[in-house]
Amino acid sequence: MNLTIRPFRPEDLPEITAIWNEVVQDGAAFPQEEFLTPETAGAFFAAQTHTAVAESPETGTICGLYILHPNNVGRCGHLCNASYAVRSQSRGLHIGERLVLDSLAQGRLHGFRIMQFNAVVASNLHARHLYERLGFVPLGIIPQGFRRKDGQYEDICPYYRVL
């Protein structure tokens with residue numbers, strides 16, 4: 001699929017908010033439970049170190065996005081974190097891989113040295129396989145670290161990669 005990965009623009013907010021909220025609604029990958037609103041989305045995405053979208057140049061449709069931000073502060077401020085969201089109709093088209101690769105490059109450009117994922121849900125096998133293929137190192141398992149939408153608990157698997 002032909003895609004352009006570019007920084008988000010204010011006019012993207014309705015589409016990226018809908019994509020973000022779709023992942024929150026699924027309740028299987030993001031820890032967030034609250035939906036972004038038209039009032040909160042702009043500030044949320046603008047507050048990140050970098051927010052990017054994957055756009056189809058043929059249709060102008062946004063297929064996915066990511067946010068990049070520090071994972072911690074002070075002496076650990078060189079570690080970054082990212083979250084990825086792909087529109088459900090666009091999953092399985094390797095858009096996530098393009099987003100991850102761009103976030104790694106942006107992390108380096110913004111002076112980060114390590115990318116760390118704190119809470120990859122154990123059953124999110126597509127993401128886990130992608131991260132491992134791209135050189136992320138699994139750090140173990142945190143038993144029952146994620147509460148699913150149905151109230152059940154599931155393990156999470158932290159990852160890191162040197163940038």
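**Notes on a predicted model: a loop residue, two pockets and two helices**

1. Start with F136. This residue sits in the loop between α4 and β6 (137-138). The model is a predicted one. Is F136 buried or exposed? F136 has a relative accessible area of 3%, so it counts as buried, the cut-off being under 20%.

2. Next, the surroundings of F136. Leaving out residues up to four places away in sequence, F136 touches V100, L104, M115, F117, Y131, Y159, Y160 and R161. Take Y159 from that list. Along the chain, F136 and Y159 are 23 residues apart. In space, their C-alpha atoms are 6.0 Å apart.

3. Two of the residues touched by F136, V100 and L104, are also among the buried residues of α3. Which residues of α3 are buried? They are I95, G96, L99, V100, S103, L104, Q106 and G107. A general point helps in reading such a list: an α-helix has 3.6 residues a turn, so residues three or four places apart point the same way.

4. The length of α3 can be checked. Helix α3 covers residues 95-109, which is 15 residues. At 1.5 Å a residue, the helix should span 21 Å, and its end C-alpha atoms are 21 Å apart, so the two values agree. Just after α3 comes G111, with a positive phi of about 85 degrees.

5. Now the largest pocket. Its volume is about 1,100 Å³. The lining has 41 residues, and the closest to the pocket centre are A29, Y84, N124, A127 and Y131. One of these, Y131, is also touched by F136. By class, the lining has 22 nonpolar, 14 polar and 5 charged residues.

6. Which elements build the lining of the largest pocket? At least two residues each come from α1, β3 (62-70), β4 (79-86), α3, β5 (114-121) and α4 (125-133). Helix α4 gives the most, with 7 residues.

7. The second largest pocket has a volume of about 180 Å³. Its lining consists of V24, Q25, G27, F30, P31, Q32, E33, F146, R147, R148 and K149. Two or more of the lining residues come from each of α1 and β7 (142-147). By class, this lining has 4 nonpolar, 3 polar and 4 charged residues.

8. F146 deserves its own point. It lies in strand β7 and helps line the second largest pocket. F146 is nevertheless buried, with a relative accessible area of 6%. Which residues does F146 touch, not counting those up to four places away in sequence? They are G27, A28, A29, F30, P31, V121, Q152, Y153, E154 and I156. Of these, G27, F30 and P31 also line the second largest pocket. A29 is among the residues closest to the centre of the largest pocket.

9. Set F146 against L134. These residues are 12 apart along the chain, and their C-alpha atoms are separated by 24 Å. For F136 and Y159, the sequence separation is 23 residues and the C-alpha separation is 6.0 Å.

10. Last, T17 in helix α1 (residues 13-26). At 9% relative accessibility, T17 counts as buried. Its side chain reaches the backbone oxygen of L13 at 2.6 Å. Apart from neighbours within four places in sequence, T17 is in contact with L36, A41 and F45.

Notes:
Residues numbered from 1 in each chain as written. Predicted model: local features only at pLDDT ≥ 70, side-chain atom pairs only at ≥ 80, totals over all residues. Heavy atoms only, no water. Helix = DSSP H or I, 4+ residues; strand = E, 2+ residues; numbered from the N terminus. Buried < 20%, exposed > 50% of the residue type's maximum accessible area, 1.4 Å probe, protein only. Polar contact = N/O pair within 3.5 Å; in protein donor to acceptor, adjacent residues only side chain to side chain. Contact = heavy atoms within 4.5 Å. Expected span 1.5 Å × (residues − 1). 1 Å grid on protein atoms, 1.4 Å probe; cavity = no way out; pocket = protein on both sides within 12 Å on 5 of 7 lines; lining within 4 Å. Points joined across faces, edges and corners; volume = space filled by probe spheres on them. Nonpolar A, V, L, I, M, F, W, Y, C, P; charged D, E, K, R; others polar.
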